[in-house]
Amino acid sequence: MGVKDEIDIESESEMNFFDRVYNVARLIPHGRVTSYGAIAKHLGAARSARMVGWAMNACGGREDVPAHRVVNRKGVLTGKHHFQGTNLMQQLLESEGIRVIDNQIQNFESLFWDPMKEL
DNA sequence: GGGTTGACGAAGA
DNA sequence: TTCTTCGCCAACC
């Protein structure tokens, strides 16, 4: 029986960077948003915020990954162009009670969800 | 194999 | 204070 040891996720550190990004993104509660840098920082790569964005691009259109809840540090929907349609990202956020004006999330600081602080 | 790009962010001038 | 530059690392040309 030791042929295949159950590869349990003992530690997230063993996971790929992309998977870890998706894992955190899934934890974002509805009606809340976070930033790429916050996720990167939580993963221990504070300076790899770009990789988080790149990971979202690689996610494709996976519903498990609420990429629309991830914006840059300013609360601007910088990646909305990567979603289907022109303002799908904004509509998804507004659908959760988040007000978005001109690609800018209103009351961003209050809606901000810090994975390090919440987790 | 090397240079550029990218859904970012922090630090420096 | 704003503007510029660097870092980060994977993917693309």
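**Note on the predicted model of chain A with DNA strands B and C**

1. Chain A has six helices and four strands. The model is predicted. Read from the N terminus, the elements of chain A follow the order α-β-α-α-β-α-β-β-α-α. Chain A holds 119 residues, and 30% of them count as buried. Of the contacts in chain A between residues at least 6 apart in sequence, 56% link residues at least 24 apart.

2. Confidence comes next. The average pLDDT of chain A is 86, and 87% of the residues score at least 70. Among the elements of chain A, strand E1 (residues 34-35) has the highest mean pLDDT, 96, and H6 the lowest, 89. Over residues 2-10, pLDDT stays under 50, and the model has one contact beyond four places in sequence for this stretch. Where pLDDT is low, predicted coordinates should not be read in detail.

3. Which residues of helix H1 are buried? In H1 (residues 17-26) they are Arg20, Val21, Tyr22, Val24 and Ala25. An α-helix has 3.6 residues a turn, so residues three or four places apart point the same way. The buried residues of H1 pack against four elements: helix H2 (36-42), helix H3 (49-59), strand E2 (70-71) and helix H6 (115-118).

4. The largest nonpolar core has 25 residues, and those touching the most other members are Val21, Ala25, Ile39, Val52, Val70 and Ile105. Elements giving two or more residues to this core are H1, H2, H3, E2 and helix H4 (88-95). In soluble globular proteins, nonpolar side chains tend to be buried together.

5. Ile39 can be taken as one example from this core. Apart from neighbours within four places in sequence, Ile39 is in contact with Val21, Val24, Ala25, Thr34, Val52, Val70 and Pro115. Two of these partners, Val21 and Ala25, are also among the buried residues of H1.

6. What surrounds DNA strand B? There are 16 residues around this strand, and the closest are Gly37, Gly53, Asn72, Arg73 and Gly79. H2 and H3 are the elements that give two or more residues to the surface near DNA strand B. H3 gives the most, with seven residues. By class, the residues of this surface divide into eight polar, six nonpolar and two charged.

7. DNA strand C is surrounded by Arg47, Ser48, Ala49, Arg50 and Met51. The surface near DNA strand C has two charged, two nonpolar and one polar residue.

8. Two loop residues can be set side by side. His82 lies in the loop between E2 and H4. Is His82 buried or exposed? His82 is partly exposed, because 14 other C-beta atoms lie within 10 Å, and partly exposed residues fall between the limits of 12 or fewer for exposed and 20 or more for buried. In sequence, His82 and Asn57 are 25 residues apart, while their C-alpha atoms are 7.5 Å apart in space.

9. Asp102 is found in the loop between strand E3 (100-101) and strand E4 (104-105). Asp102 has 8 other C-beta atoms within 10 Å and is therefore exposed. Asp102 and Val76 are 26 residues apart in sequence, and the C-alpha to C-alpha distance between them is 8.4 Å.

How values were computed:
Residues are numbered from 1 along each chain as its sequence is written. Chains are lettered from A and ligands numbered from 1 in the order in which they are written. This is a predicted model: local features need pLDDT of at least 70, side-chain atom pairs count only at pLDDT 80 or more; totals for chains, interfaces and linings use all residues. A residue is near a molecule or strand if its C-beta atom, placed from the backbone, lies within 6 Å of it. Ala, Val, Leu, Ile, Met, Phe, Trp, Tyr, Cys and Pro count as nonpolar, Asp, Glu, Lys and Arg as charged, and the others, Gly among them, as polar. Two residues are in contact if their C-beta atoms, placed from the backbone, lie within 7 Å. pLDDT is the predictor's confidence in each residue, from 0 to 100. A nonpolar core is a set of buried Ala, Val, Leu, Ile, Met, Phe, Trp, Tyr and Cys residues joined through C-beta atoms within 7 Å.
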